[in-house]
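Here is a set of questions about how the labels on one model are justified. Each answer sets a value against its cut-off.

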Amino acid sequence: MWGTLAIILIIAIYVTIQKRKRAGVKGIKSALTPICFFCISIVNIIAYFFEFLGLVSFGITVALFILGAYFTKYLKIPAN
């Protein structure tokens, strides 16, 4: 199960990077939202793996979610 989660997470990160390259999006500010969301999944996987579910992991998750939501204002709107 852990190998599958790691592989899926790596594939998701790779796909996100490739989509950003194809769209020509550059800069760290527009990448902070996906970074925060990937960090949320990593924190929750680590918390579950080490049986560290509780207020600290929940607090980190909420803080990363708020940061990710804040940095959505720097995302580019795709022109179709």
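The turns below go through the labels for this predicted model.

Q: What makes up the secondary structure of the protein?
A: The protein has three helices and zero strands. Read from the N terminus, the order of elements is α-α-α. The C-alpha trace spans about 45 × 30 × 20 Å along its principal axes.

Q: How do you know that the structure holds zero disulfides?
A: A disulfide requires two cysteine sulfur atoms within 2.5 Å. The closest cysteine sulfur to that of Cys 36 belongs to Cys 39 and is 6.5 Å away, which is too far for a bond. Seen from Cys 39, the closest cysteine sulfur is that of Cys 36, again at 6.5 Å and too far for a bond. The count of disulfides is therefore zero.

Q: Why is Cys 36 called buried, and what is Cys 39 called?
A: Buried means under 20% relative accessible area, and partly exposed covers the range from there up to 50%. Cys 36 has a relative accessible area of 7%, so Cys 36 is buried. Cys 39 has 30% relative accessibility, so Cys 39 counts as partly exposed.

Q: What makes Ser 57 a buried residue, and which residues does Ser 57 touch?
A: Ser 57 is in helix H3. Its relative accessible area is 7%, and the limit for buried is under 20%, so Ser 57 is buried. Not counting residues up to four places away in sequence, Ser 57 touches Val 43, Ala 47 and Phe 52.

Q: Why is the approach of the Ser 57 side chain to Gly 54 called a polar contact?
A: The side chain of Ser 57 reaches the backbone oxygen of Gly 54 at 3.2 Å. A polar contact needs N or O atoms within 3.5 Å, so the pair qualifies.

Q: Why is Phe 50 called exposed, and what is Phe 52 called?
A: Exposed means over 50% relative accessible area. Phe 50 has 58% relative accessibility, so Phe 50 counts as exposed. Phe 52 has a relative accessible area of 48%, so Phe 52 is partly exposed. Phe 50 lies in the loop between H2 and H3, and Phe 52 is found in the loop between H2 and H3. Leaving aside neighbours within four places in sequence, Phe 52 is in contact with Ala 47 and Ser 57.

Q: What makes the nonpolar surface patch, and where does its largest share come from?
A: The patch, of about 680 Å², is made by Ile 42, Ile 46, Phe 49, Phe 50, Phe 52, Val 56 and Ile 60. Helix H2 (32-49) and helix H3 (55-70) are the elements that give two or more residues to the patch. The largest share, three residues, comes from H2. A patch residue needs over 30% relative accessible area; Phe 52, at 48%, meets that cut-off.

Q: What is notable about the phi of Glu 51, and why is Glu 51 called exposed?
A: Most residues other than glycine have a negative phi. Glu 51 is not a glycine, yet its phi is positive, at about 55 degrees. Glu 51 sits in the loop between H2 and H3. At 72% relative accessibility, against a limit of over 50%, Glu 51 counts as exposed.

Q: How many of the residues are buried, and what supplies the exposed area?
A: Of the 80 residues in the protein, 18% are buried. The protein exposes about 6,200 Å², and carbon and sulfur atoms supply 75% of that area.

Methods: Residues numbered from 1 in each chain as written. Predicted model: local features only at pLDDT ≥ 70, side-chain atom pairs only at ≥ 80, totals over all residues. Heavy atoms only, no water. Patch = residues over 30% accessible without salt bridge, like charges linked within 9 Å, V, L, I, M, F, W, Y side chains within 5 Å. Areas by Shrake-Rupley, 256 points an atom, 1.4 Å probe, with all protein chains shown as cover. Salt bridge = Lys/Arg side-chain N within 4 Å of Asp/Glu carboxyl O. Helix = DSSP H or I, 4+ residues; strand = E, 2+ residues; numbered from the N terminus. Buried < 20%, exposed > 50% of the residue type's maximum accessible area, 1.4 Å probe, protein only. Polar contact = N/O pair within 3.5 Å; in protein donor to acceptor, adjacent residues only side chain to side chain. Contact = heavy atoms within 4.5 Å.
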